[in-house]
Amino acid sequence: MKLTRKLTLAAFAGVLALGTAMPAFSADLIAIITPAHDNPFFKAEAVGAEAKAKELGYETLVMSHDDDANKQSEVIDTAIGRGAKAIILDNAGADATVAAIKKAKDAGIPSFLIDREINVTGIAVAQIVSNNYQGAQLGAQEFVKLMGEKGNYAELVGREADTNAGIRSQGYHDVIDDYPDLKLVAKQSANWSQTEAYAKMETILQANPDIKGVISGNDTMAMGAIAALQAAGRKDVIVVGFDGSNDVRDSIKAGGIKATVMQPAYAQAQIAVVQADAYIKNKTVPKDEKQLMDCVLINADNADKLETFALKN
């Protein structure tokens, strides 16, 4: 992506520090819209964005679209009707989101996307996303190592309308497919859902009792997979996730899931608010619309340092 700039954790910290100056008027409103908060990743985004917005003196309107494009359009209409000065958005689908963001832009409200990018530039002011391909390659490399470079495995894929699902899957396969003794015996979408992943894992296990590993597009599905495997008495199956949730941290420490890839969801949401603040006050736009933030491998070696999608010192 020509318009992409890589952001390190140190760079994020520096920009966040800049956001503490010049508090906004209390009447100013920032809308924060994410998928449902029963997923800890999305809850961390909402909590991080709200905390930073309040620190800067803004009122907040926190809403969820539940990964429903029609509901997303409705809550964006609500943000427009409430006179929001900016929208922080983890969207409900790359293609379905373009019209909604354009509607907000036409109403004079800038959008700052987090986590999930769209396929069009020039509509949102910023798209701050994790480097999903880099993170997936980290996870795949660890998976290959844990598998001993051989064995049958399954892949749980995220929601097909979500660009991240495809990027992560591609990143996985660009590593794993180089090992001919690793055989993909099942690949199914569980739509980022723990419940759905549990059911899909049960079915996969029945059809493939000799399965040795599962690589998952997110931690929520990984938790569903490990629960189904443990219920079947299959503690020998290697499971690797993606997100860096506290639930998976605890599973790693307990010897369940073996690894995940951390996305700094909390910091990502906060930097979006800082950039929104700069735009609201001074019409300052980031150097690049699309900004990538590298992911970090989490395994038994560093799981103790993981807390709410961030590594403690």
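**Exercise 1. In this predicted model, find which helix gives the most to the lining of the second largest pocket, and describe that lining by class.**

Solution. Begin with the space itself, which for the second largest pocket amounts to about 280 Å³. The next step is to go round the wall, where 17 residues line the pocket, and Asp38, Asn39, Trp192, Ser193 and Thr220 are the ones that lie nearest its centre. Assigning the wall to elements shows that H2 and H8 each supply at least two residues, and that H8 gives the most, with 3 residues. Sorting the lining by class, finally, gives 6 nonpolar, 6 polar and 5 charged residues.

**Exercise 2. Determine how many cavities of 30 Å³ or more the whole structure holds, and work out what lines the largest cavity.**

Solution. A probe the size of a water molecule, rolled over the atoms, shows where empty space is left. When the whole structure is searched, 1 cavity of 30 Å³ or more is found, and the volume of the largest cavity is about 80 Å³. Its lining consists of Asn39, Phe41, Phe42, Asp115, Arg116, Asp162, Asn164, Arg168, Trp192, Asn218, Asp243 and Gln263. Helix H2 (40-55) and helix H6 (163-176) are the elements that give two or more residues to this lining. By class, the lining of the largest cavity divides into 3 nonpolar, 4 polar and 5 charged residues. Comparing this list with the previous exercise, one finds Asn39 and Trp192 in the lining of the largest cavity and also among the residues nearest the centre of the second largest pocket.

**Exercise 3. Describe how H7 and H8 cross, and identify the residues through which H7 and H8 meet.**

Solution. Two packed helices are described by the angle between their axes and the distance between the axes. For helix H7 (residues 194-207) and helix H8 (residues 219-231), the axes come within 7 Å and cross at roughly 45 degrees. H7 and H8 are therefore oblique to each other, and their crossing is right-handed. On the side of H7, the contact uses Gln194, Ala197, Tyr198, Met201, Glu202 and Leu205, which meet Thr220, Met221, Met223, Gly224, Ala225, Ala227, Ala228, Leu229 and Ala231 in H8. The residues of this contact divide into 11 nonpolar, 3 polar and 1 charged. Thr220, which takes part in this contact, is also one of the residues nearest the centre of the second largest pocket.

**Exercise 4. Give the geometry of the crossing of H5 and H6, and sort the residues of the contact by class.**

Solution. The axes of helix H5 (residues 132-147) and H6 come within 8 Å and cross at roughly 40 degrees. H5 and H6 are therefore oblique to each other, and the crossing is right-handed. From H5, the contact is made by Asn132, Tyr133, Ala136, Gln137, Ala140, Gln141, Phe143 and Val144, while H6 contributes Asn164, Ile167, Arg168, Gln170, Gly171, Tyr172, Asp174, Val175 and Ile176. By class, there are 9 nonpolar, 6 polar and 2 charged residues in this contact. Asn164 and Arg168, both part of the contact, also line the largest cavity.

**Exercise 5. Establish how H2 and H10 cross, and name the residues that meet.**

Solution. The axes of H2 and helix H10 (residues 265-282) come within 7 Å, crossing at roughly 40 degrees, and the crossing is right-handed. Among the residues of H2 in contact are Phe41, Ala44, Glu45 and Lys52, and among their counterparts in H10 are Ala265, Tyr266 and Val273. By class, the contact of H2 with H10 has 11 nonpolar, 3 polar and 2 charged residues.

Notes
Residues are numbered from 1 along each chain as its sequence is written. This is a predicted model: local features need pLDDT of at least 70, side-chain atom pairs count only at pLDDT 80 or more; totals for chains, interfaces and linings use all residues. Side-chain values use heavy atoms; hydrogens and water are left out. Axes are lines fitted to C-alpha atoms, for helices over the stretch in contact, and angles run from 0 to 180 degrees between N-to-C directions. Helices (H or I, at least four residues) and strands (E, at least two) are DSSP runs, numbered from the N terminus. Angles under 35 degrees count as roughly parallel, over 145 as roughly antiparallel, 65 to 115 as roughly perpendicular and the rest as oblique. A crossing is left-handed if the near helix is turned anticlockwise from the far one by less than a right angle, and right-handed if clockwise. Contact means heavy atoms within 4.5 Å. Ala, Val, Leu, Ile, Met, Phe, Trp, Tyr, Cys and Pro count as nonpolar, Asp, Glu, Lys and Arg as charged, and the others, Gly among them, as polar. On a 1 Å grid over the protein atoms alone, a cavity is a set of points where a 1.4 Å probe fits but cannot get out, and a pocket is an open set with protein on both sides within 12 Å along at least five of seven lines; lining residues have an atom within 4 Å of a point. Grid points are joined across faces, edges and corners, and a volume is the space filled by probe spheres set on the points.
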